[in-house]
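Me: Please take a close look at one strand of the structure below. I should like to understand its surroundings step by step.

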Amino acid sequence: MAKETRAAYGEVLSQLVKENKDIVVLDADLSKSTKTFEAKKVAPERHFNAGIAEENMMGMAAGLAASGKTVFASSFAMFATGRPWEIIRNSICYPELNVKICATHAGVSVGEDGASHQACEDVAIMRALPNMKIFVPCDYYETKALIRHVAEIKGPCYVRMGRGKVEDVYDENTVFNFDKVDVIRKGNGEIVLFAMGLMVQEALKAGEVLDATVVNVSNIKPTDEEGIIELLKTHSRAYTLEEHTIIGGLFSLVAEIKARTDIATPVTPIGINDIFGESGKMADVLEFYGLTADHIVEKIKG
Amino acid sequence: MDINELKSHALNIRRNIIKMVYNAQSGHPGGSLGCADILTYLYFVEMDINNNNKATIDRDRFVLSKGHCSPALYATLSEAGLIDEDLLSFRKLHTKLQGHPNMNALDAVDMSTGSLGQGISAAVGMAIANKLDNNNHRIYVLCGDGESEEGIVYEALMAACHYKLDDLCIIFDVNHLQIDGNVQDVISPLPLEDKAKAFGAYVEKCDGNDYEALQKAFNAARNNKGKPTVIIAETIKGKGVSYMENNAAWHGSAPKEEDYKIAMEDLKELN
């Protein structure tokens with residue numbers, strides 16, 4: 001069934017604020033969209049609206065964390081990373097404070113709002129920050145597990161979620177290991193598809209046609225370098241699939257790992273090719289940018 | 001409050017500021033000298049912080065939002081016995097006395113600062129946590145007037161007033177100078193009094209180099225309930241060193257040997 005990853009975020013966050021009185025939630029006037037209002041219903045005294053002032057939201061998050069709180073701070077990926085980037089760098093990452101930036105509406109799939117709201121650089125700019133851990137869940141169940149995971153680990157985290165509904169990849173019984181990349185389909189050894197976020201579902205569909213190995217890379221930083229190297233070694237061709245610019249995201253991650261080895265396997269990027277997005281329905285936009293299974297198969301078959 | 005004792009502490013602090021910046025041949029002497037009396041008052045009269053509670057957050061907190069004035073902070077913490085680092089390691093490789101404050105290096109440093117405007121925002125977060133925990137600690141933050149050209153300062157003021165953070169005391173160190181010259185010539189955020197009042201803060205004005213005036217302002221801040229306090233403290237940038245006073249050129253320049261001798265002569269004894 002198709003569900004929103006942000007719905008999972010709201011559900012788990014509303015449980016976490018009940019379980020742990022040291023959790024504080026911040027939002028920047030988007031609590032109904034990011035779903036942090038679910039936590040507000042349960043613990044209104046620990047939900048603070050920063051208003052449309054994301055820089056101050058991140059500064060407040062730093063101060064709360066410097067006072068022993070575990071802070072969840074949410075907005076759309078564009079405004080949770082780009083605008084307050086330098087506050088995240090200097091006030092959160094440098095002092096290694098316990099702030100979980102959980103952003104929704106990432107990527108071109110935000111759809112109708114268009115380029116101004118389509119964050120395709122967020123992973124790149126978060127990856128460049130020392131001490132920042134980065135996770136991109138692909139479905140509802142992975143998001144649920146991941147939000148619990150980031151609540152438990154110390155230090156700054158960035159979680160990238162989308163707006164629209166995405167098909168389930170996992171189920172309620174799945175046991176996740178966020179230290180490893182997850183091979184969710186084993187192919188014939190020719191092609192390996194590394195995918196991030198909602199591209200995992202497309203990779204699975206393309207993988208059926210191509211008999212490719214499909215890998216969910218939700219732990220972007222730190223990632224499972226050994227796992228990625230092993231997969232590169234055991235396949236003839238690798239592709240990276242991301243709803244993100246091919247500069248600084250998943251392609252860069254895999255290509256950087258490969259470049260430090262003597263593995264010859266070519267790595268080809270499929271993602272946003274250094275351009276801005278545009279308005280349209282989620283499905284139409286993903287189609288236009290070549291991020292659907294049909295386009296992936298076509299590109300790989302050549 | 002023994003004013004002569006405070007003046008004596010401040011003199012030591014000013015001498016150490018000059019020694020640190022001279023030794024490192026790098027740092028920000030002007031603003032550090034200007035805010036030395038505010039820091040002396042905070043750490044020797046106003047704040048509840050000592051060696052038993054400094055490693056905890058169960059105490060008053062201070063954020064140096066104008067983080068480049070780290071020489072003043074380190075010299076004050078040293079004078080108060082809250083750090084025992086060699087002050088002359090300032091700005092040297094592997095020192096705990098980083099160019100701008102690093103909260104993870106020293107227990108008594110409450111926030112990593114240096115990028116202007118961010119400390120006031122962090123102090124708002126600390127004041128919210130203080131309320132959530134039903135503590136009655138006080139949260140102090142020192143911002144520059146030049147620093148108040150940063151937009152985040154007003155986002156933070158708005159939030160502090162909205163959330164009625166009456167344990168928060170925002171001190172604007174108004175010395176009228178920034179790197180490129182007089183704030184009125186560069187781009188003026190003044191008058192800060194009107195802006196703070198417009199957001200809903202309680203405002204006190206004082207001479208930031210006068211202990212009786214500082215005491216009156218900080219006492220009024222303690223008695224103010226339901227809104228944050230903003231103290232507009234007028235200071236003399238470079239205070240105590242003749243050629244540095246009211247001279248923007250000494251914002252971020254280190255004294256040479258001759259300058260150093262004159263400065264130490266100026267700071268020889270209480271006057």
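Reply: A crossover is called right-handed if, with the strands pointing away from the viewer, the path from the first strand over the helix to the second runs clockwise. In chain B, strand β2 (residues 139–144), helix α6 (residues 152–162) and strand β3 (residues 168–174) form such a right-handed β-α-β unit; helices (H or I, at least four residues) and strands (E, at least two) are DSSP runs numbered from the N terminus. The model is predicted, so that local features need pLDDT of at least 70 and side-chain atom pairs count only at pLDDT 80 or more, whereas totals for chains, interfaces and linings use all residues. Residues are numbered from 1 along each chain as its sequence is written, with chains lettered from A and ligands numbered from 1 in the order in which they are written.

The strand chosen here is β3(B). Seven of its seven residues are buried, that is, 20 or more other C-beta atoms, placed from the backbone, lie within 10 Å of their own. Leu168(B), Ile170(B), Phe172(B) and Val174(B) point one way from the strand, while Cys169(B), Ile171(B) and Asp173(B) point the other way.

β3(B) has partners to consider, where pairing requires that DSSP finds at least two bridges between two strands. β2(B) runs parallel to β3(B) and is joined to it by six bridges; here Phe172(B) is the bridge partner of Cys143(B). Strand β7 (residues 229–234) of chain B also pairs with β3(B) in the parallel sense, over six bridges, and Val230(B) of β7(B) stands opposite Ile170(B).

Terms used. A residue is buried if 20 or more other C-beta atoms lie within 10 Å of its own, exposed if 12 or fewer, and partly exposed in between; C-beta atoms are placed from the backbone.
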